[in-house]
Amino acid sequence: MINNVSGIILWTDNLPRLSEFYTDTLGLTPHSIKSNYVVYSWSLGEETFKFSIGKHPEVSGISGDPYRIMINFNVDDIHTEIERLKSKNVEIIRNPEKEKWGGIVASFFDPDKNIIQLLQHPTS
């Protein structure tokens, strides 16, 4: 029986480029850095969630099907965050829009053309 999700790994052929994007452009703080692997982590109560990027010999080029999977990151102020990303020339593919469930969603590409979504959850 599966109890929860412990992490996600994005594989790339250009780890320095992807690491620079997630660390410098998005502002994530690495938990662990190795020559072929970078781990970012968040404590969620007693659990830890890991988002990792790594160099993989079977991966080359940009994502061939970027709509297959989307990674969601929570933010407190989605409009400010999207404007910050635009100022860094990040390719925004969906400006912030309110959803029926009350939250706001925006999407953009990372350098490998993976789609990343920002979520701002309703305050009440």
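**Notebook: Arg94, its sheet and the aromatic pairs**

I began with Arg94, which counts as partly exposed because its relative accessibility is 24%, a value between the 20% under which a residue is buried and the 50% over which a residue is exposed. I note at the outset that I am reading a predicted model.

Entry on Arg94. I looked up where the residue sits and found Arg94 in strand β6. Leaving aside residues up to four places away in sequence, I listed what Arg94 touches, and the list reads Glu99, Val105, Ala106, Ser107 and Gln117. I then looked at its side chain, which is joined to the side chain of Glu97 by a polar contact of 2.5 Å. I also checked Glu83, which is 11 residues from Arg94 in sequence, with 12 Å between the two C-alpha atoms.

Entry on the sheet. I followed the strands and found an open sheet of 4 strands with mixed pairing, in the order β5-β8-β7-β6. Its edges are β5, residues 70–74, and β6, residues 92–98, each of which pairs on one side only. On average, and with direction ignored, neighbouring strands of this sheet are turned by 20° against each other. I then turned to the helix on this sheet, α2 (residues 78–87), which packs there and touches β6, β7 and β8 (115–120), while its direction makes about 165° with that of β6. For the strand that holds Arg94, I looked up the pairing with β7 (residues 104–109), and found that the two run antiparallel and are joined by 4 bridges. I took down one of the partners, namely Ile104 in β7 for Lys98.

Entry on aromatic rings. I searched the whole structure and recorded 8 aromatic pairs. I looked closely at the pair of Trp11 and Tyr37, whose ring centres are 6.0 Å apart and whose planes make 45°, a tilted arrangement. This pair links distant parts of the chain, since Trp11 lies in strand β1 (residues 7–12) and Tyr37 in strand β3 (residues 37–44), 26 residues apart. I asked myself whether Trp11 is buried or exposed; at 35% relative accessibility, Trp11 counts as partly exposed. Tyr37 is also partly exposed, because its relative accessible area is 24%.

I closed with the aromatic cluster, where Phe21, Tyr22, Tyr40, Trp42, Phe49, Phe51, Phe73 and Phe108 come together as one group.

Notes. Residues numbered from 1 in each chain as written. Predicted model: local features only at pLDDT ≥ 70, side-chain atom pairs only at ≥ 80, totals over all residues. Heavy atoms only, no water. Pairing = 2+ DSSP bridges. Axes fitted to C-alpha atoms, helices over the stretch in contact; angles between N-to-C directions. Contact = heavy atoms within 4.5 Å. Buried < 20%, exposed > 50% of the residue type's maximum accessible area, 1.4 Å probe, protein only. Polar contact = N/O pair within 3.5 Å; in protein donor to acceptor, adjacent residues only side chain to side chain. Phe/Tyr/Trp six-rings, centres within 6.5 Å; stacked < 30°, edge-to-face > 60°.
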